Amino acid sequence: MTEPTIPAATDSAGRVIVLDVVGLQPQHVDADRTPTLESFFPAESMTDLRPPFPAVTVPVQTTLATGRGPGEHGDVSSGEYDRERDAAEFWERDRGDRDRLWETASDEAGLTTGVLNFQHLIGTSADVAVTPSPIEDENNDILEMNCWTNPDGFYDDLRAELGHFPLHNYWGPGANEAGSRWILSAAREAIDRFDTDLLWVYVPHLDYVGQSDGPGSDAFAEETEVVDGLLDEFLEFLSETDRWDETVLALVSEYGFHGVDQPVFPNRALRDAGLLETAGDGDVDLAASGAFAMVDHQIAHVYVDEGAIEAARDALEELEGIDSVLEEASKAERGIDHPNAGEFVLVAAPNAWFQYYWWDDRANAPPYATEMDIHAKPGFDPCELFFGDDGLVSLDASKVSGSHGRVDESAYGCFGLGGPAAPALEGNDPVDAIDVAPTIADLLALEGELSMPFEGSSLRRG
């Protein structure tokens with residue numbers, strides 16, 4: 001294992017490698033269990049990272065990469081609710097109008113930038129990009145594994161070297177470290193071939209065991225060791241590259257986990273109140289419904305017709321496991337007052353999480369409920385991590401042991417700086433997620449070269 005050197009300060013870095021290790025927290029890093037992480041990011045080089053509200057994948061990722069919160073950038077959930085079409089869609093793949101650090105640094109400063117396996121990458125102008133994009137039929141069944149890449153043809157090269165991206169290990173009942181291993185191997189290829197000045201690498205698989213087994217489980221502890229071993233191999237490679245002496249490693253984690261034991265079903269309450277309608281096949285009929293909860297871990301956006309506000313509020317306030325029901329003023333206080341947000345935003349109790357189910361009898365579930373169909377389901381479904389009795393996916397919500405979305409100190413992520421060109425962190429107060437992109441821009445000496453929000457940045461503490 002290569003030993004890092006961390007000087008007290010540096011004017012700028014020639015290269016920044018961001019390791020986005022989802023679910024990692026400072027207390028997980030120690031010399032016994034994670035010696036590689038501890039050696040590169042000792043206690044004085046790591047602190048807590050305060051995520052935006054809600055602390056779920058897409059809002060946090062967009063905040064980390066733009067320096068703006070959900071109330072400004074509009075990614076208020078990992079799903080999007082289209083009011084005009086009455087459609088709730090999760091994990092759409094296009095960049096849309098998102099302008100993140102790697103795009104801005106490439107387009108405006110001429111740096112060579114790369115990003116692997118972030119959400120919303122199709123169409124990015126990053127010089128190097130990889131995101132799963134399997135070829136599917138009209139029923140969302142996979143016909144052939146594929147990835148969208150910059151440059152064109154990069155996935156063909158990766159497939160020849162590494163094999164197909166292991167999609168079935170990236171999510172679902174077979175989720176394991178294989179996805180993280182493939183991504184880190186692809187990162188090595190990206191550095192070898194394109195010599196990126198900025199490379200953002202998503203390392204996902206702690207996320208799976210954090211949900212299935214919970215953050216306090218033996219399984220989670222064991223997987224932190226696995227992550228450390230994967231990072232050891234990658235950092236050993238990186239330390240032998242020509243630009244190692246000018247490299248800063250930025251360690252980030254999007255959120256930590258809460259241990260949970262109480263699933264909450266807001267759509268059942270809305271159905272019982274006569275506000276949610278279903279179609280003949282059991283699917284929700286959003287156009288005919290007066291209210292619908294688009295759930296995402298420990299938060300839920302409730303979209304309500306104007307005449308149904310009072311009835312929806314009454315139905316939801318009676319549910320056990322809800323910590324708060326946010327309306328206009330409280331949404332503004334949480335920084336989520338954006339038109340994309342629901343009329344209500346539900347926040348679960350620390351030990352609770354929201355499941356999308358609106359049925360009680362399994363016979364009335366829609367066809368996709370027992371399938372691994374992330375694009376069809378109108379809410380995030382962590383039960384996809386468990387094999388089912390009557391299909392690929394379990395319908396037993398009691399199996400889920402970890403969740404996230406609340407912004408509590410106990411579930412902050414982490415932020416660290418390491419590598420030969422890393423400056424020292426001053427103090428150990430939490431870093432705000434909106435300061436990560438500006439800090440990386442500063443490390444690359446881009447202040448004044450990039451448009452807002454990356455100018456004039458500094459770590460926001462306290």
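This report describes a four-stranded sheet, the helix lying across it, and the residue Leu 446.

The model is predicted, with local features requiring pLDDT of at least 70 and side-chain atom pairs counted only at pLDDT 80 or more, while totals for chains, interfaces and linings use all residues. Residues are numbered from 1 along each chain as its sequence is written, and side-chain values use heavy atoms, with hydrogens and water left out.

Helices (H or I, at least four residues) and strands (E, at least two) are DSSP runs, numbered from the N terminus. Two strands pair if DSSP finds at least two bridges between them. On this basis, an open sheet is formed by four strands in the order β14-β15-β17-β16, with antiparallel pairing. Its edge strands, β14 and β16, each pair on one side only. From one strand to the next, the twist averages 20 degrees; axes are lines fitted to C-alpha atoms, for helices over the stretch in contact, and angles run from 0 to 180 degrees between N-to-C directions.

| Element | Residues |
|---|---|
| Strand β14 | 291–296 |
| Strand β16 | 322–326 |
| Strand β15 | 299–304 |
| Strand β17 | 344–348 |
| Helix α11 | 309–317 |

Strands β15 and β17 are joined by four bridges, and Val 302 has Phe 344 in β17 as its bridge partner. Helix α11 lies across β14, β15, β16 and β17, running at about 5 degrees to β17.

Leu 446 belongs to the segment after α13 (436–443). Leu 446 counts as buried because its relative accessibility is 3%; buried means under 20% relative accessible area, exposed over 50%, and partly exposed in between (1.4 Å probe, protein chains only). Not counting residues up to four places away in sequence, Leu 446 touches Ala 105, Ala 109, Leu 111 and Ala 441, where contact means heavy atoms within 4.5 Å. The C-alpha atoms of Leu 446 and Ala 288 are separated by 51 Å, the two residues being 158 residues apart along the chain.
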